[in-house]
Amino acid sequence: MKVSYHGHSVVQIETGGKTILIDPFITGNELTDLNVDHVEADVILLTHGHNDHVGDTVAIAKRTGALVVAVAELATYMGFQGVENVHPMSIGGAYQFDFGRVKFTQAFHGSSFTEEDSQKIVYTGMPGGILFTAEGKTIYHAGDTALFSDMKLIGERHPIDLAFLPIGDNFTMGPEDAKTATEWIGASLTVPIHYNTFPPIKQDPHAFVTSLQSGEGRVLEVGETIEL
Ligand code: NI
Ligand code: MN
């Protein structure tokens with residue numbers, strides 16, 4: 001399985017001939033190397049409804065026909081926006097797709113989509129994290145979240161090979177809380193996300209990974225791919 005990082009919380013997974021995008025925020029993401037008109041996707045997984053996570057999901061799904069998997073309210077909202085293939089789930093639920101197994105974990109955060117034109121905020125259910133398992137490996141994308149003690153439960157019940165954890169602070173965990181999260185989750189490898197996109201989430205990801213005492217930490221440059 002190939003896993004690559006594309007700035008902010010954007011992660012791409014290639015497995016079994018399919019391309020899976022998590023939180024494809026491209027337009028307005030100055031850190032990304034992806035192009036909204038060319039990016040490939042068979043599946044889009046969304047952690048929550050905030051604009052910097054839903055991003056270009058509607059445009060990409062309309063062009064590629066990608067299946068959008070999200071918590072029920074957000075999946076329904078994506079359907080209302082013209083996404084044809086949606087699969088609604090909820091926190092704690094897992095489903096075995098032909099491309100891998102998806103399980104939604106909780107996240108301590110908000111979940112809403114801001115419709116800028118009409119100045120409306122649409123609430124989109126509970127925010128989540130995603131456990132994705134394929135080829136015998138499990139990836140945990142924590143979405144946007146505060147530190148929470150049930151991360152211990154996530155670590156206890158799921159052997160995690162790779163964890164993507166937010167470190168930006170302000171909207172999510174900062175580096176100190178994320179460091180504690182690595183101890184509770186027990187992932188073999190942790191990659192920091194959700195930093196340096198906007199001024200309030202400026203962080204030093206290298207200082208974060210060197211501070212870690214549980215598992216390995218690695219900063220992925222934008223566009224960098226690892227083999228899992
Ligand atoms: Ni958010
Ligand atoms: Mn965010």
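Where is the place of D169? D169 lies in the loop between β13 and α5, and it is taken up again in Figure 6. The legends below concern a predicted model, in which local features need pLDDT of at least 70 and side-chain atom pairs count only at pLDDT 80 or more, whereas totals for chains, interfaces and linings use all residues. Residues are numbered from 1 along each chain as its sequence is written, chains are lettered from A and ligands numbered from 1 in the order in which they are written, and side-chain values use heavy atoms, with hydrogens and water left out.

**Figure 1. Coordination of the nickel ion (ligand 1) by H48, H50, H109 and D144.** The donor atoms are NE2 of H48, ND1 of H50, NE2 of H109 and OD of D144, lying 2.2 Å from the nickel ion. Donors are N, O and S atoms within 2.8 Å of the metal (3.2 Å for Na, K and Ca); water is not among the atoms, so sites may look incomplete. The angles subtended by the four donor atoms run from 88 to 173°, which makes the arrangement irregular. Four donors count as tetrahedral if all angles lie between 85 and 135 degrees; four count as square planar and six as octahedral if opposite donors are over 155 degrees apart and all others between 65 and 115; anything else is irregular. Along the chain, the spacing of the nickel donors is H-x1-H-x58-H-x34-D.

**Figure 2. The manganese ion (ligand 2) and the bridge formed by D144.** The protein donors of the manganese ion are D52 (OD), H53 (NE2), D144 (OD) and H194 (NE2), at 2.1 to 2.2 Å. Their spacing along the chain is D-H-x90-D-x49-H. D144 bridges the manganese ion and the nickel ion (ligand 1), which lie 3.2 Å apart. Distant parts of the chain are linked by the pair H48 and D144, 96 residues apart: H48 is in the loop between β4 (43-45) and α1 (51-54), and D144 in the loop between β12 (137-141) and α4 (151-157). Helices (H or I, at least four residues) and strands (E, at least two) are DSSP runs, numbered from the N terminus. Both H48 and D144 are buried, as are D52 and H53. Buried means under 20% relative accessible area, exposed over 50%, and partly exposed in between (1.4 Å probe, protein chains only).

**Figure 3. The buried faces of helices α2 and α3.** In α2 (residues 57-64), T57, I60 and A61 are buried. Seen down the axis of α2, these buried residues fall within an arc of 95°, so they line one face of the helix. The arc is that of the directions from the helix axis to the C-beta atoms. Their cover includes β3 (18-22), β4, α1, β5 (67-71) and α3 (72-80). In α3, the buried residues are L74, A75, Y77 and M78. They cover an arc of only 160° around the axis, which puts them on the same side of α3. The elements against which they pack are α1, α2, β5, β6 (86-89), β9 (112-115) and β10 (120-123). Contact means heavy atoms within 4.5 Å. G65, with a positive phi near 75°, follows α2, and G82, with a positive phi near 105°, follows α3.

**Figure 4. The open sheet of seven strands and helix α5.** The strand order is β7-β8-β11-β12-β13-β14-β15, with mixed pairing. β7 (94-97) and β15 (216-217) stand at the edges, each with a single partner strand, so one side of each is left without a neighbour in the sheet. Two strands pair if DSSP finds at least two bridges between them. β11 (residues 128-134) pairs with β12 in the antiparallel sense over five bridges, and A134 stands opposite K137 in β12. Helix α5 (residues 175-185) lies across β12, β13 (162-166) and β14 (189-193), running at about 155° to β13. Axes are lines fitted to C-alpha atoms, for helices over the stretch in contact, and angles run from 0 to 180 degrees between N-to-C directions.

**Figure 5. Antiparallel partners of strand β1, namely β2 and β16.** β1 (residues 2-5) pairs with β2 (residues 11-15) over four bridges, and the bridge partner of Y5 in β2 is V11. The two strands form a hairpin with five residues between them, where G7 in the turn has a positive phi of about 85°. β1 also pairs with β16 (residues 225-227) over three bridges, S4 standing opposite T225 in β16.

**Figure 6. Positive phi at D23 and D169.** Most residues other than glycine have a negative phi. D23, in the loop between β3 and β4, has a positive phi of about 50° and is buried, with a relative accessible area of 0%. D169 has a positive phi of about 70° and counts as partly exposed at 37% relative accessibility.
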